[in-house]
Protein chains: 2
Amino acid sequence: MSTAALEARSIQFIPAAASAGVRAPVAQMKTQCSTCHLRELCLPCGMNDVDLTRLDNLGFTRRKIKAGETLYREGDKFTHLYAVRFGTLKSSLILSDGREQVSGFHIAGELVGLDGVAQGRHASATMALEDTEVCAISYTALADLAISTAGMQHIVSRMMSREILREHSLMMLLGSMNAEERLAAFLLNLSQRYAARGYSDREFHLRMSRAEIGSYLGMKLETVSRAFSAFQQQGLLEVDKRHIRITDLEELKHRFDVRVH
Amino acid sequence: MSTAALEARSIQFIPAAASAGVRAPVAQMKTQCSTCHLRELCLPCGMNDVDLTRLDNLGFTRRKIKAGETLYREGDKFTHLYAVRFGTLKSSLILSDGREQVSGFHIAGELVGLDGVAQGRHASATMALEDTEVCAISYTALADLAISTAGMQHIVSRMMSREILREHSLMMLLGSMNAEERLAAFLLNLSQRYAARGYSDREFHLRMSRAEIGSYLGMKLETVSRAFSAFQQQGLLEVDKRHIRITDLEELKHRFDVRVH
DNA sequence: CGGCTTCTTGATCCTCTTCAAGGGTGGTGG
DNA sequence: CCACCACCCTTGAAGAGGATCAAGAAGCCG
């Protein structure tokens, strides 16, 4: 039945041009965490050398996803977790009235797919917003490894708990902030995540549309657009389509910090 | 700083009479999962006899929390998970402007405290809405057990993933539903959870105030009250203060199912 | 170039919030 | 035992914020 909903939506709401619904072709090369430049951010973060070697032995498969292709869909069997190597992913699910509800955006070093553990099937779909590459991590292999490796269990648990915290803060945002505060929170969150990856925290390119931002933040695309314009007029941002330059990061932080400690 | 926020809020916002801020006194008896009537719902759900025996050997401590007392507070060191034996708990955190944001309600058989795994400290506070009893599950003991026990690891992971799904659906609710739809979803969710515990799915007593429901659902208490009145007028509910009788469960479901498959 | 998508901006409408008042209830102390 | 207070809930009226509807501009691609 969720499949039916998906199909219905493909027909009605997805622009033909976007090549959505095209499943990405599978797999090329094997990758090792120990040589990955993302190892400080990604799964191996905080792991000792012994554990890291074991992780390497799993031999993760890399997989490329072109913009508009899906990594997995709602209801797909859950087999792997995915670590983003580069690019941007969007997770979303489709409401029965056909509208899309975006539940997250994922950039390099972030782990995707944890929602599948509970039921053995993915609870949402994940699609690439630009050409993207991921490491496919077999969940059974990882679980087996966790049994024999003391630290690994905790690493996985921590990843999941982090996901809980992420959703937690989004809930708070949706529950208690107005439009401009939501957008400020969103931009600051992106800014932080880019900064942690060595990119500028004041200037970046959005990979998602106004509508996708709006869905994620629980507001309409027009409202997102108006909030951008308002920030620009107030001298907080310079906005050129999807290119964002934060000109007054402190004031932007202030807007957000007022609400959540 | 979060402590400061808490103190400030205690003074300003918590009614003196409620005896809030009083930490519950610790511990009485040891409990075994194998003899617990909640074992089909709680942590041991899906566990084999061997694993269950191992779980029993951990010897969980029971702890009583009186209405208005806190189980743990935001920022407290994370040491235990808690399984609710009976009663009702509320998880929430305090925004810097002093308002409370409720993030969940927990009834018998549900697990509380998973938000602490990521950072070793609790990200929210949890308080009893009525006299409540929990099993305190040492997280380190559970983690040790998970290392030696194949199935245990997955049980914990599944618990966490379930929490992710729960927050997921709440996000969707906050992002895409109007006031009446939110309240319908809330009542249906409660109804299901009570039914799973052998209670009536059509008649129950709310343990939380309109303001707490409102905070959880992202709306004001007046709006909650109006939605209750509207449902009553439409013949869906009979409401007497906190006592709820669902007179047209199907129609109520319909309101919700329209939105999320 | 034309068609399409995305974004911006204006005008209007509607939902929910805010403000305000009144009733009911439980607990406490005189 | 009753009076009073604090709290919770309900309901009305007014107001604000965001949704919706609509039009047009800018960029992209075949």
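This briefing describes the contact between two protein chains, their approach to a DNA strand, and two annotated domains. The model is predicted, so local features need pLDDT of at least 70 and side-chain atom pairs count only at pLDDT 80 or more, whereas totals for chains, interfaces and linings use all residues. Residues are numbered from 1 along each chain as its sequence is written, chains are lettered from A in the order in which they are written, and side-chain values use heavy atoms, with hydrogens and water left out.

**Interface of chain A and chain B**

- Chain A places 46 residues in contact with 45 residues of chain B, where contact means heavy atoms within 4.5 Å.
- About 4,300 Å² is buried between chain A and chain B, with carbon and sulfur atoms giving 64% of that area; buried area is the accessible area (1.4 Å probe) that two parts lose on being put together, summed over both.
- The rule finds zero salt bridges across this interface, a salt bridge being a side-chain nitrogen of Lys or Arg within 4 Å of a carboxyl oxygen of Asp or Glu.
- Eight residue pairs, both at pLDDT 80 or more, are in polar contact between chain A and chain B; the term covers a pair of N or O atoms within 3.5 Å, and within protein one must be able to donate a hydrogen and the other to accept it, while residues adjacent in sequence count only if both atoms are side-chain atoms.
- On the side of chain A that touches chain B, strand S6 (100-106), helix H3 (139-148) and helix H4 (150-176) each supply at least two residues, and H4(A) gives the most, with 19 residues.

**Surface near DNA strand C**

- Among the 16 residues around DNA strand C, those that come nearest are Arg210(A), Ser225(A), Ser229(A), Ala179(B) and Thr223(B).
- The side chain of Arg210(A) has an N or O atom 2.8 Å from a phosphate oxygen of DNA strand C, and a polar side-chain atom of Thr223(B) lies 2.3 Å from a phosphate oxygen of that strand.
- For Arg226(A), a polar side-chain atom lies 3.0 Å from a base oxygen of DNA strand C.
- H7(A) supplies the largest share of the surface near DNA strand C, five residues.

**Annotated domains of chain A**

- UniProt, in an unreviewed entry, places "domain: Cyclic nucleotide-binding" at residues 63-145 of chain A, a span that is 8% helix and 47% strand, with end C-alpha atoms 22 Å apart.
- The feature "domain: HTH crp-type", also from an unreviewed UniProt entry, lies at residues 177-250 of chain A; this span is 55% helix and 15% strand, and its end C-alpha atoms lie 19 Å apart.

Definitions and conventions
Helices (H or I, at least four residues) and strands (E, at least two) are DSSP runs, numbered from the N terminus. UniProt positions are given in the numbering used here, feature names are shortened, and annotations may be inferred rather than shown by experiment. A residue is near a molecule or strand if one of its heavy atoms lies within 4 Å of it.
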